[in-house]
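Work through the exercises below with the sequence and the model open. Each task is followed by a solution in steps.

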Amino acid sequence: MRRLGVVLVHGFRSGPGAWDPLRALIAADEDLAFADTLPFAYATGWKRLHPLRVLPGIDTAADSLKEYLATEAGDFEELVLVTHSQGGLVAQRMLARMLGDGRGRELARIRAVVMLACPNNGSELFLSLRRGLFGSRHPQESQLRPLNEQVTRTLRTVLRDVVGATAVTERTCPIPFSVYAGESDAVVPPASAQSVFPDAAALPGDHSGILRATTADHRTFTTLRRHILRAHGSSGPPPVPSSGEPSAPPEHPLPTAGPAATSATGAGTKGAATTGSTARVLAGLPARSRTFTGREEDVRALLALLAPGGGAPGTSPVRAVVGMAGVGKTELVLQAAECALREPGWFPGGFLFADLAGHDPEPARRATASDVLGDFLRTLDVPAGDVPSGTDARAALLRTTLAARAGRGLRTLVLIDNAGSEEQVRPLLPGDPDTAALVTSRTKLAIGGRPHDLKVLDAAASVDFLDEALRYAGPDDTRIEDAPAAALSIAELCAGLPLALHIVAALLVDFPTRPPADLSRALQAEHTRLDRLARDDRAVRAAFDLSYRRLTDGQARLFRLLPVNPGPDLSTEAAARLGALDEDTAAGVLEDLARAHLIEPSRSWGRWRLHDLLRLYAGEVGAREADADERDSVRRRLFDHYWTLALTAVTLLRPDPDGPLTQRFDTPREAQAWLEDERHNLTPAATSPGSFGPADLTLVLGLNLGQWFERRRHFDDWSAVAASALSTARSTGQRRSEARALDQLGNCRRLTRRFPEAITHHREAVAVFRSLDDPRGEGGALSSLGVALRRVHRFDEAIEAFSRAARLAQEQGDEQLLGRVLGNLGITLRQVGRYEEAIETLRESVALHRKWGERREEGQGLCNLANALAQTGGHAEAVRLAREAVAIFTGGDDRHGRAGALSVLGTVLSAAGHFDDAVAPLREAAESFEDLDDAHARAIALANLGVALAGAGTPASAVAPLTEAVAALRQLDDVASEATARRALEAAARSGRAEPEGTGPTV
């Protein structure tokens, strides 16, 4: 049995004994027999007892906890951290310090963190008492002061790199946090204990009483028990869907006011060459509201549709939730989806979620069906090379993929939010009778199925909504209950719209002594001012205006400027540039706006988004203050921010970065993460010249993003950016930029296997460079043209293009270009059987790359040289060079290059007769290429894996990878490689041996 350690971290007013009641209950519970409680102790006290005794600060306690986990808790494969009061700050600081030291992978065994009454935002009450007892220099007390800067930085690190993390790396580690306030805690108020963590709720008791669970039905124990059981099962296999007939939907507990999990998992399957299936997150759901009421019947109706067999016979269970803006369509769908995803066997395949932003006032921010289809298909493990370019073809592939998953017991839920038109949403819908979809829209869409009309909340539900919101912030807040007439007036003035109710509730929460009657009078005055509007518009606008007018000047200005951002969300850093603020100040302003429900956190911590109505409102008030806000200068400043950091990031990712770099990125990994986070801002910035920046800067940005898009295989973005750069260059008469854009567009088309278009673009680039008398540019474009020609087996033309490019490079003395051209020429010579010439050419290419310190190109050249040597009997040198290439790519953190080198290593080992040794690198290469969405390279690796398995004496095991390779190569229209793989398959079926198909990365 796997043992799980429950590490208990006490607060500053207690010791390990505070955990005794909970430890006794855990020990007595048979279902928790796998769990051992481990009380961690550190020095605390009400005062210093001796001049020589020093109480540790939180940093020291955090380091002590780190050592405790490595020693006393070192034998446990799984851990749950449970903290009380200041113990939560100790645990958070420990996590932040380990991540800062690059030790994120060591945290992976921590399955969950549960914090009870932790003063995340400081402890307001008894502050003077604590200072009197401890003295203002007490190292632990000083870090409990409200909004202590170091505690705040730690909290942001934890939210960004732990709670919001998606992968285990040296600097990130996803660990679920659950935080609980004491319902009657007068020391740490709920707003501080819950802070901005997405999974937050309250438990019975005051600051100390929250730990006094003396019976097994006490909510603190049952809550902790649930977390321990969930953590122990988190690394187990995914649930197996039932094979029986679907039953009628059971009775469901409806969503509560507490938050829910932010993602769902489903069982994803790998290809034949992999070791098995893994549970994976398909897409993260946005956070649900903590206040949700009055929608019980709506939720039940949607659940009846989502249940297995819930749709009409022979049709897809699709339902559009339709209603006016602000009525709560998104919230209803998310809450219903959460209920459905919790039901065993309903959606083992997880879910897909997309916000189409169909009513965004800026068309560039609206998602296109093609883009969303591309994201969906890649999420569902369709390699990027297999994703077709047209919307109709992508839609057909999505329907096929979803139906196939459902047939394998991986039924998937599709959630499409904020659809603006039928054209935008229809391609995203499933076509089989099992896969379910929920769509939200303000208008009725003819997409099949009966629409679910969502009405406004009635008066009673609206009052309940307000009461829940206030009690969530303060369990003892009874203002709504105590003033029913004023509460009813507020509800009516909000017209039953949850968006308006959220905002006015925040106005009451911010001022705990404000009577509801006073707010009612203010709302009534706003309605009188806005009586020319429709009632529903009045309700929302009145709420917006009231909330907006109570903002400080700085808060209001930043709110007005947020719509200037080109993408769907923005980072705290970008918001700081918008407002000309330092980052900490900007973070505080954004958090204030979020508390006022004027903005909301995006999917990862440190990023923010606007509801489309609020974006429209902010744009309107911003337009009125455009001159005062210097809006044009702000837009330029934001664009300069994106432009500067994007160029810095892509420069840092080059093998030979040149020019001074800012201190923004310490490592290439950080630069790559920033580019990934900002991709949906950079692409519109680079494809909308004049809208978000000057045309010349937009052009430079677009041309410089290409290499990174290629490396990350974001072909849709690359295609859009390159096409926009080409259009801008032509419209502004910048011929050299036109040629560069043509060459980039050609490379993008080649890598997506659209070879005729690629050849056309490269020929045009060659012609433009020649007309400009730019021999270096012409030589590079000729080399690109040669690669495209070689891919369609027009070898003579390719050799001619490479030869011309080599002459131009030699004439210009450009040895770096010459190295690349000779590498490509050598590959082509090998493919036509001119092996001795190929080897000589490739050796010269490798020597040039070494001379100029081009490590990535050197690794590619070694792979190509190894392939050529293997085909002439130079097996020992070929194996040595391939291993050297693997080391180069591994050291450079180049996953695609490493996969290619492993593929070559396996191939040359097979050619040398070392079939057993070839299996492992080829299997790893195939798995890596699948993760990297390179369908063609994966197919070649699978074919060579089959050859190695057959050669190793296990021809039966070779059939599966060879069969998959043949099918993939046929789909990719690679006739020659398909024929080679088919011969290998036939040979394996006859228990014979086949010759391997050489492959490797090309320049």
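**Exercise 1. A helix on a sheet**

Across which strands does helix H2 lie, and at about what angle does H2 run to S2?

Solution. The model is a predicted one. Helix H2 covers residues 58–70. The strands that H2 lies across are S1 (4–9), S2, S3 (78–84) and S4. Relative to S2, H2 runs at about 150°.

**Exercise 2. The six-stranded sheet**

Give the strand order of the open sheet of six strands, then explain what sets its edge strands apart.

Solution. Step one is the order: S2-S1-S3-S4-S5-S6, with parallel pairing. Step two concerns the edges, where S2 (35–40) and S6 (200–203) stand; each has a single partner strand, so one side of each lacks a neighbour in the sheet. From one strand to the next, the twist averages 20°.

Step three looks at one pair inside this order. S4 (residues 110–116) and S5 (residues 177–182) are joined in the parallel sense by four bridges. Valine 113 has phenylalanine 177 of S5 as its bridge partner.

**Exercise 3. Histidine 227**

Find the helix that holds histidine 227, decide whether the residue is buried or exposed, and list its contacts beyond four places in sequence.

Solution. Histidine 227 belongs to helix H7, residues 219–233. Its relative accessible area is 4%. The cut-off for buried is under 20%, so histidine 227 counts as buried. With neighbours within four places in sequence left aside, histidine 227 is in contact with Val114, Ser178, Tyr180 and Asp199. For the setting of these contacts, return to the strands of Exercise 2: S4 spans residues 110–116 and S5 spans residues 177–182.

**Exercise 4. The five-stranded sheet and helix H10**

State the order of the open sheet of five strands, and identify what covers the buried residues of H10.

Solution. The order is S10-S11-S12-S9-S13, and the pairing is parallel. At the edges stand S10 and S13 (452–453); each of these has a single partner strand, so one side of each is left without a neighbour in the sheet. S11 and S12 (residues 436–441) run parallel and are joined by five bridges. One partner to look up is that of leucine 413, which is alanine 436 in S12.

Now turn to H10, residues 369–379. Its buried residues are Ala369, Ser370, Val372, Leu373, Gly374, Phe376 and Leu377. The elements covering them include strands S10 (351–355) and S11 (413–419), together with helices H11 (391–407), H12 (422–425) and H28 (715–731). After H10 comes aspartate 381, which has a positive phi near 75°.

**Exercise 5. Two helix pairs**

For H24 with H25, and then for H35 with H36, find the packing angle, classify it and describe the contact.

Solution, first pair. H24 (residues 631–652) packs against H25 (residues 668–677) at about 135°, and their axes are 9 Å apart. H24 is therefore oblique to H25. The crossing in which H24 passes H25 is left-handed. H24 contributes His641, Tyr642, Leu645, Ala646, Ala649, Val650 and Leu652 to the contact, and H25 contributes Pro668, Ala671, Trp674 and Leu675. By class, these residues are ten nonpolar, one polar and no charged.

Solution, second pair. H35 (residues 855–870) and H36 (residues 875–891) pack at about 160°, with axes 8 Å apart. Angles over 145 degrees count as roughly antiparallel, so this label applies to H35 and H36. H35 passes H36 in a left-handed crossing. Residues in the contact include Leu862, Cys863, Leu865 and Ala866 of H35, and Leu881, Ala882, Ala885 and Ile888 of H36. The contact of H35 with H36 divides into twelve nonpolar, three polar and five charged residues.

**Exercise 6. Asparagine 944 and the whole protein**

Where is asparagine 944, and how many residues separate it in sequence from alanine 981?

Solution. Asparagine 944 sits in helix H39, residues 935–951. At 1% relative accessibility, asparagine 944 is buried. Asparagine 944 and alanine 981 are 37 residues apart in sequence, while their C-alpha atoms are 8.2 Å apart in space.

For the protein as a whole, there are 41 helices and 16 strands. Of the 1003 residues, 55% are buried. Among contacts between residues at least 6 apart in sequence, 68% join residues at least 24 apart.

Notes:
Residues are numbered from 1 along each chain as its sequence is written. This is a predicted model: local features need pLDDT of at least 70, side-chain atom pairs count only at pLDDT 80 or more; totals for chains, interfaces and linings use all residues. Side-chain values use heavy atoms; hydrogens and water are left out. Buried means under 20% relative accessible area, exposed over 50%, partly exposed in between (1.4 Å probe, protein chains only). Contact means heavy atoms within 4.5 Å. Two strands pair if DSSP finds at least two bridges between them. Axes are lines fitted to C-alpha atoms, for helices over the stretch in contact, and angles run from 0 to 180 degrees between N-to-C directions. Angles under 35 degrees count as roughly parallel, over 145 as roughly antiparallel, 65 to 115 as roughly perpendicular and the rest as oblique. A crossing is left-handed if the near helix is turned anticlockwise from the far one by less than a right angle, and right-handed if clockwise. Ala, Val, Leu, Ile, Met, Phe, Trp, Tyr, Cys and Pro count as nonpolar, Asp, Glu, Lys and Arg as charged, and the others, Gly among them, as polar.
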